[in-house]
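Work through the exercises below with the model open. Try each task before you read its solution.

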Amino acid sequence: MTRRYFTTFTAMLVVLGLYSAYAQVSQRVLSRSHVKESKTARTVLQALPSMGPRASVEMAQQHLKDAPWAVAARAKIRADGLHLFFNEKRFVRDNTEIEVSPIAMVWSADSGEGGAKSDSKPVVILADRGTFVFDEPVELSQIRTRMIGQIQLRGRVSVQGDDGLKILGQNFVFDRANKNISSYHPVEFHMQEHHGYASNIQLNLSMLDGGQYADNPQMLGVKNLVITQHLEMNLQPKSDEPPVLVTCEGSFRYEVASQQAILKDEVFVHRTDPHGMVDSLSCDRLELQFAEKDKNQIASAESSPFGEAATMELLSLTASGDHVLAKSSYNQLEAVGEILTYDLQKRTLILRKRSGVEIQYKGAELFTPQLDVHLDEDQEPIFARCNGHGQVKYLDSRVPQANNIGGALPIQAILAQANWQESLTFTPDEKSGRSLDVLTLTGKAVLQSPPHQTGLMSHTIKVWLSREKENSKPVVQAGSDSVPPMARDLRIDRTLAEGEVAVVSPYLEGEYESLDIKFRPESKELLAQLKQTSPVQQTAGGSSESTPAERQLPESPFKIDATRLKLQVLHDPAFEEVHVAHVQTEGKIQANGILSGQNEPLHLEGQSVEISNAGQNRQRFQLLGNQERYASIQHGAMRIDGIDLFLDRQQDFTRVMGSGSIEFPVDSNWNGDKSAQPQTLEVSWKEQMRFEGATAHFIGGVKATLGDAVITCEELKVHLDQAVSLKMNSLAVRPQIARIECQDRVHFEMKHYEEGVLVGIRYVNVWSFSMDQRTGAMTAQGPGDLEFWQKRTGKSPLGLPEATMSQSPKEIDKKADPPAGWDYTRITFEGEMTGNYMQRQATLHRMVNVLHGPVSEPLVRFVRDARPPDSVWVRCETLELLLRSLGGDGEEEAAKPENWSVEIQARENAEIEGDSFQASADVISYNHANRMFMMRGMENRHVRIWHFAHPNAPRSRYDVMMIRISPDGNILELDRTKGASGFR
C-alpha cells in the first residue's frame with residue numbers, strides 16, 4: 001500500500017477541528033479563570049466599563065466584519081476578555097432568562113491568561129439571538145456565571161477560531177445540568193482547507209459543579225464529542241492534492257482522555273486524484289487514535305501554508321467490520337478483511353480476517369488470515385508478512401475475470417499461483433543495497449504456473465523481485481478495467497527453494513535440497529537466436545498473445561536430481577519464452593533427458609555438474625567426480641566417465657583430467673576389419689583424455705578393449721574415419737578405427753573364438769606400436785615380446801611343429817579327430833617391427849628369438865632350456881613373416897584358415913634347434929604350403945646342420961650350401977655338400 005493511499009487515513013486528523021472549535025467556545029464560557037470567584041469579589045458582566053465602548057468598537061471593527069451592525073450595537077459589554085454585542089434584550093420568566101438579539105461574542109481578544117497578550121486568534125460567535133438561562137432572577141448588572149444554567153444560541157449560528165475554523169449551524173445549547181454543548185440541527189464546519197457536514201453535534205463536558213463548587217463551578221475540559229446519524233468531511237491533505245471525503249452514517253465519537261475517535265456504521269473514506277484514480281476505505285467501524293505533538297514537531301510545522309500547526313497528531317487507525325474494504329485504483333489494489341490496523345508511529349499496517357483476508361493487487365489475488373505491512377518514511381512498503389496458511393495468484397489480464405474478489409476463476413486465467421502453510425514475508429534485500437525485494441514462503445510452499453505447466457514445491461521458497469522504475473504516472477481513465485502487465489511493475493530476479501525441493505515443468509524435473517534460479521530478461525530477438533527461430537515463430541501463428549500451451553514444448557522434460565541445483569534462466573519481457581542458459585549442481589547428481597534437436601537421450605552423473613547452454617548444439621558440460629565414484633556423461637551409445645570431465649558439443653571436444661573411461665561404438669576391430677555387428681570400444685586411463693572430433697588421446701595407465709582384444713599402454717591415440725559428433729541428431733552412424741598409436745609399455749591381449757570356443761590367444765608386448773587401419777601399415781618398437789597360443793585343429797596356418805614332429809603326415813590318420821592340445825609360440829626382438837596387416841606381412845629386427853611347441857592348455861609357457869618334445873627354437877637378426885592366400889571358392893572359403901599359407905624367413909646369423917637336429921645358416925625359411933624348411937648360406941658361407949636321435953646321442957654334421965628338410969617321407973636333401981661327419 002503506497003504513500004498516497006495512507007495519506008487518506010492521515011488526513012482524518014483534521015476531524016478534530018470540529019472538536020477544537022467547541023473546545024475553545026466552552027473553555028471561554030466555563031474556563032476556570034473566567035468562573036473562579038474570590039472571597040472578596042465576584043466577576044460580573046459590567047454594562048459599560050470605563051474603556052468598554054471604545055475597546056469594544058475597535059474589537060468589532062477588527063473581528064466582526066461579518067456582523068457590521070456590532071460596531072453600532074446598542075449594548076457593548078466587556079468583561080475578562082469577553083466582548084458581547086447585542087441590540088435588543090428582554091427579561092422573561094421572572095428575570096430568570098435574558099433574551100438578546102442579534103448576538104455577537106469575541107473571546108480572547110485582549111489578553112491571554114494572566115493578562116499577557118495572546119498570539120492566538122479570538123473565538124468569534126455570531127447568532128440571530130441568544131438566551132441566557134439563570135438559576136434565579138437576576139438583573140443585568142448582577143449576573144454571576146455561577147447563576148448560568150443554560151446558554152441558548154438560536155437561529156443561524158457561526159463560530160470562528162484559530163486555523164481558519166468556522167462552524168455554521170442552528171440552535172446551539174450549553175446545558176450546565178447535562179454538562180454538554182449540543183445542536184440537533186445540521187452543522188457545517190470549515191478548518192483551514194477542510195470542510196464538512198454533520199446532522200448534529202454534542203460536546204460532553206468534564207465539570208466540577210455542585211457541592212463545594214456550587215458557587216465556583218469549574219470546567220476541566222471536554223470529555224467527548226458525539227455526532228449521530230450522518231457525518232461528511234472533505235479533507236485537504238495538501239494544497240496540491242485532491243481532497244479526501246469521509247462519511248459516516250452512524251455516529252462519530254471522540255474521547256478526549258483517551259484521545260480516540262470512533263466512527264460507526266457505513267464509514268467510507270474516498271479520494272480521487274487528478275488522473276481519475278480512486279482510493280477508498282469502507283468499514284462498519286473506524287477508530288482513530290491521537291496524541292499531543294511534542295514541542296519540536298509543533299515548531300518544525302509552524303511554517304504550514306494553512307497557518308499554525310495542529311497540536312495533535314494521528315497515531316493509529318483501526319477499521320473493523322464484517323467487510324472492511326480498501327481500494328486503490330492507482331495501485332490496482334482491493335483488499336477485504338475484518339480488521340485493518342495502521343500504526344503511524346511504527347508505520348505498520350495489519351489486516352486480519354478469520355476466514356482469510358482477500359487482496360487483489362496489480363493483477364494478483366492474495367488470501368491469508370493476517371497481513372502485516374511495515375512502511376518507510378515515504379510510506380513505501382519495506383516489510384510485509386502473511387501469518388498462517390495462504391495463497392496468492394497472478395492473473396492473466398487477457399482472460400475475463402470475475403467481478404468480485406470471491407468469484408471463481410478459470411484455470412487459464414491464472415498465470416502463476418503460490419501456496420504456503422506457515423507464512424509469507426516481503427522485505428528489501430539488505431545485501432543488494434535494497435535494490436531488490438525478497439518474497440519468502442515457508443511451510444510446504446508451492447509455486448506453480450498452469451499455463452507454463454510448471455510447479456515448484458519446497459519447505460521454503462524465496463523470490464527476489466526488482467521493481468521497475470516509473471518515468472511518469474500512467475494516464476488511466478477512471479473505471480478502466482485494464483491491468484498493466486506484471487513486468488511493468490515487478491521483475492523476478494531470483495528464486496531460491498530450500499528443503500525437500502521438487503520441481504516439475506516441460507523443461508525440467510527433479511528433487512533437491514536447494515534450488516537456486518536466477519532470471520535475466522532478454523529480447524525476443526535474442527531468444528530467437530538461441531533457438532534459431534524468428535520472434536514470430538516463437539508464438540503460434542505469429543501472435544504475441546499465444547499461451548505456453550500453444551508454443552512448441554520439449555517432448556519430455558530434462559530430469560535432474562541433485563543435492564543443490566543452480567539455474568540461470570533467460571526470458572522475454574512478457575515471460576512467455578524461457579531459456580535455461582546455465583546449470584550448476586552440488587552433491588550427487590543424476591540427470592536424464594533429450595537435448596534440443598536430439599533423438600538420443602543424455603544421461604549425466606557426478607558429484608557436481610556445470611552446464612552452459614547457448615542454444616541448439618551450443619552446450620558445455622563440466623562434471624566432477626571422485627576416485628570412489630566417477631562423473632559420467634552418456635549420449636546415446638557413447639559414455640564418458642572421469643573425475644574431471646569437460647564436454648563441448650559445438651566444438652566436438654571432450655577432455656577428462658585425471659582417471660576415467662570412455663565407451664563408444666565402432667564398426668571395425670583393432671585390425672581395421674569391419675565387424676558384422678557394431679562393437680563397443682572401451683578405454684580407461686589414469687591421467688588424462690582428450691577427444692576432439694575424430695581423434696581420442698589417452699594418457700597414463702591406458703587400457704583399451706574392443707571385442708576380445710585388449711591394449712594396455714601409457715599413451716594411446718585412436719583416430720577414427722569420421723568424427724564422433726555430439727551435435728548429430730542421432731548416433732546411428734558409427735565410425736571405424738582409422739589408426740591407432742600406442743606408446744610406452746604397450747601390451748596387446750587378443751583372444752579368438754570359433755563357434756563360441758576359444759581357439760587362440762595372442763599377447764604382444766612392445767615399447768610402442770602404431771597401425772593405420774586404412775593402409776594396413778604397422779610399426780612397433782622393441783624390445784618386444786609376442787606370445788601366441790593356438791588350439792590344434794589339424795589345419796593351422798602356423799603349423800611350425802609339423803616340420804619337426806617325429807611322425808610324418810603319412811602316419812596320421814586323416815579321418816581321426818584333430819590332435820589334442822595347444823601350440824605355443826613366443827617371439828622376442830630388440831629392434832623394430834614393421835609390416836602391413838592388409839598385406840599379411842611383418843618384419844622383426846635385431847636379436848629375434850622364436851620358441852614354438854606344444855602345450856597342454858593356453859597360457860602355459862616354456863623356455864629354450866626346457867623345451868617340450870616336438871618344439872623348435874629359432875634365433876636370427878631379422879625375421880620376416882608372410883601370410884599368403886591359397887585361394888578358394890568365394891570370399892567365405894578364401895577367408896578360412898586352411899586356405900592360407902604361412903611363410904617365415906629368418907636371416908642374419910640364423911639358428912634353428914629341434915628335437916633331432918640343430919642348424920645355423922644365413923637364411924632359414926619355412927613354407928607352410930609345402931611343409932618345407934629351407935636353410936642356406938650366403939657368399940660362400942656354409943650351412944651347418946647337426947642331426948641326432950636324441951640330445952645325448954652321437955651327432956652327424958653336414959656343411960652344405962643349402963638344405964631342404966621335408967617332413968614327408970622324412971627326406972633330407974643336401975645341396976653342394978662341403979663335408980659331412982657323424983653317425984648314422
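## Exercise 1: an aromatic cluster

Y824 counts as buried, since its relative accessibility is 1% and the cut-off is under 20%. The model is a predicted one.

**Task.** Classify the ring pair of W789 and Y824, and place both residues in the chain.

**Solution.**
- Step 1. Take the ring geometry: W789 and Y824 are 5.1 Å apart centre to centre, with 35° between the planes.
- Step 2. Apply the cut-offs: under 30 degrees is stacked, over 60 is edge-to-face, and the rest is tilted. The W789 and Y824 pair is therefore tilted.
- Step 3. Locate the partners. W789 is in strand β46 (residues 784–791) and Y824 in strand β47 (residues 822–829). They are 35 residues apart, so the pair links distant parts of the chain.
- Step 4. Check burial of the partner. W789 has a relative accessible area of 1%, so W789 is buried.
- Step 5. Widen the view. Y763, W789, Y824 and F862 form one aromatic cluster.

## Exercise 2: a second tilted pair and the core

**Task.** Describe the pair of W685 and F698, then find which residues F698 contacts.

**Solution.**
- Step 1. The structure holds seven aromatic pairs. In the pair of W685 and F698, the ring centres are 5.5 Å apart and the planes stand at 40°, so this pair is tilted.
- Step 2. W685 belongs to strand β39 (residues 674–685), and F698 to strand β41 (residues 695–706). The two are 13 residues apart.
- Step 3. Both W685 and F698 are buried.
- Step 4. Beyond neighbours within four places in sequence, F698 touches I662, V683, W685, Q688, M689, E714, E715, L716 and V718.
- Step 5. Now the core. The largest nonpolar core has 181 residues. F698 is among those with the most contacts inside it, together with L286, L515, I662, F769 and M935.
- Step 6. A second, separate core has 11 residues, including A67, A73, A104 and L126.

## Exercise 3: charges over rings

**Task.** Which ring lies under the charged end of R494, and which under R864?

**Solution.**
- Step 1. R494 has its charged end over the ring of W464, 4.3 Å from the centre of that ring.
- Step 2. R864 lies over the face of W873, at 3.6 Å from the ring centre.

## Exercise 4: a lysine in a strand

**Task.** Is K353 buried or exposed, and what does its side chain meet?

**Solution.**
- Step 1. K353 is in strand β19 (residues 348–361).
- Step 2. Its relative accessible area is 12%, so K353 is buried.
- Step 3. The side chains of K353 and E358 make a polar contact of 3.4 Å.
- Step 4. Setting aside neighbours within four places in sequence, K353 also contacts V336, G337, E338 and P369.

## Exercise 5: unusual backbone

**Task.** Find the cis peptide bond, then treat the positive phi values of R745 and R846.

**Solution.**
- Step 1. Recall the background: most residues other than glycine have a negative phi, and most peptide bonds are trans.
- Step 2. The bond from G782 to P783 is cis, with omega near 5°. P783 sits in the loop between β45 (777–781) and β46.
- Step 3. R745 has a positive phi of about 50° although it is not a glycine. R745 lies in strand β43 (residues 737–754). Its relative accessible area is 51%, so R745 is exposed.
- Step 4. R846 has a positive phi of about 65°, and it is not a glycine either. R846 lies in strand β49 (residues 841–855). At 43% relative accessibility, R846 is partly exposed.

## Exercise 6: confidence and overall make-up

**Task.** What is the mean pLDDT, and where does pLDDT stay under 50?

**Solution.**
- Step 1. The mean pLDDT is 75, and 73% of the residues reach 70 or more.
- Step 2. Residues 111–117 have pLDDT below 50, and this stretch has nine contacts beyond near neighbours in sequence.
- Step 3. Residues 300–309 also stay under 50, with 13 contacts beyond four places in sequence.
- Step 4. For the whole protein, there are seven helices and 56 strands. Buried residues make up 48% of the 984 residues.

Definitions and conventions
Residues numbered from 1 in each chain as written. Predicted model: local features only at pLDDT ≥ 70, side-chain atom pairs only at ≥ 80, totals over all residues. Heavy atoms only, no water. Helix = DSSP H or I, 4+ residues; strand = E, 2+ residues; numbered from the N terminus. Buried < 20%, exposed > 50% of the residue type's maximum accessible area, 1.4 Å probe, protein only. Polar contact = N/O pair within 3.5 Å; in protein donor to acceptor, adjacent residues only side chain to side chain. Contact = heavy atoms within 4.5 Å. pLDDT = per-residue confidence, 0-100. Core = buried A, V, L, I, M, F, W, Y, C linked by side-chain atoms within 4.5 Å. Phe/Tyr/Trp six-rings, centres within 6.5 Å; stacked < 30°, edge-to-face > 60°. Lys NZ or Arg CZ within 6 Å of the ring centre and 35° of its normal.
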